[in-house]
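Me: I'd like a close look at one part of this model, taken slowly. Could you pick a single strand and walk me through its surroundings?

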Amino acid sequence: MDYYKPKNLPNLMVAPNGARPMKKDHPKVPMTIPEIVKTGQACYDSGADAIHFHIRNKKGQHILDSGLCKEALSELHKKVPKMHLQITTEAVGKYSPTEMRKLAYEVLPPGISIAVREMIPSRKPELEDIKIYQKLHEAGTKVQHICYEPEDLDLLSDILKKSKLLDTRVWCMFTIGHYSGMKSDPEKIPFFVKKLKDHNLIADWAVCAFSKEEISCLKTAIRLGGKIRVGFENSLLMPDGSVAPDNETKVKAAKILFG
């Protein structure tokens, strides 16, 4: 399919479901493919340029399933052909790097997020790591590298160097804080940006953050020249601290931050 693959990282991405939020947390968390598609269309109409989504099984659990990913991508493409579509390799503590690579090879999606520390837990890139990075580049897949700490950019620089991709434009996502409750501190963002400069990476980067600190992190990211990701994967809250009625309302509020 002729999926939309923008040259630059979209300004505003929505992450409507993630691996963990359930219907009990919020009734508008999209779990099924039809719900993901409906939410994606609503968020696109509200100003989101891209969607990062997780596939769930019948029990609502995060799953790396190539067939379901392809189905979701196809259905989304029919409704939002100009929205960048991003699947994920997130391990959630149960998937191995081999299983993550398998998903990437089988789907070769328009976009994919890869947490470098999960894909390369040894922090020593090997041949299989080099092969998957090169294959995704050859396929035109837009890889967004998830970095939980600035030191993850040391690893990213290493794998890009060994894959002969250092001179390409790199998409990054700086995850500030953690779903388990670690505070999202906007003052951490400049340390990520400094690492990019230290490694001379040609980077296009975004930030996502959690809970009530989300809004200050998003504002800091924009001020420093970055992009943002919002949605129920990271926070159910609106800028005023109230619970958002749905993902698209969060998108509308985030759109305003760009002025």
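Reply: Let's take strand S6, residues 170-176: seven of its seven residues are buried, so the strand is largely enclosed by the rest of the structure. Keep in mind that we're looking at a predicted model. Both faces of S6 are covered. On one side you'll find Val170, Cys172, Phe174 and Ile176, and on the other Trp171, Met173 and Thr175, all of them buried.

Now for the strands that pair with it. S5 (residues 142-147) runs parallel to S6, and four bridges join the two. If you want a spot to click on, Ile146 stands opposite Met173 of S6. Getting from one strand to the other involves a helix: S5, helix H6 (residues 152-162) and S6 make up a right-handed β-α-β unit.

S6 is also joined to S7 (residues 203-209), again in parallel, this time by seven bridges. Here Ile176 stands opposite Ala209 in S7. The chain leaves S6, passes through helix H7 (residues 189-198) and arrives at S7, and this β-α-β crossover is right-handed too.

While you have the model open, here's one side stop, Asp246, in the loop between strand S8 (227-230) and helix H9 (247-256). Asp246 is buried but has no salt bridge. Its nearest side chain of opposite charge, Lys28, is 4.4 Å away, and a salt bridge would need the charged atoms within 4 Å. What Asp246 does have is a 2.5 Å polar contact between its side chain and that of Thr249. Setting aside neighbours within four places in sequence, Asp246 is in contact with His26, Lys28 and Phe232.

Note on methods
Residues numbered from 1 in each chain as written. Predicted model: local features only at pLDDT ≥ 70, side-chain atom pairs only at ≥ 80, totals over all residues. Heavy atoms only, no water. Buried < 20%, exposed > 50% of the residue type's maximum accessible area, 1.4 Å probe, protein only. Pairing = 2+ DSSP bridges. Right-handed = clockwise from strand over helix to strand, strands pointing away. Lys, Arg positive; Asp, Glu negative; His and termini not counted. Polar contact = N/O pair within 3.5 Å; in protein donor to acceptor, adjacent residues only side chain to side chain. Contact = heavy atoms within 4.5 Å.
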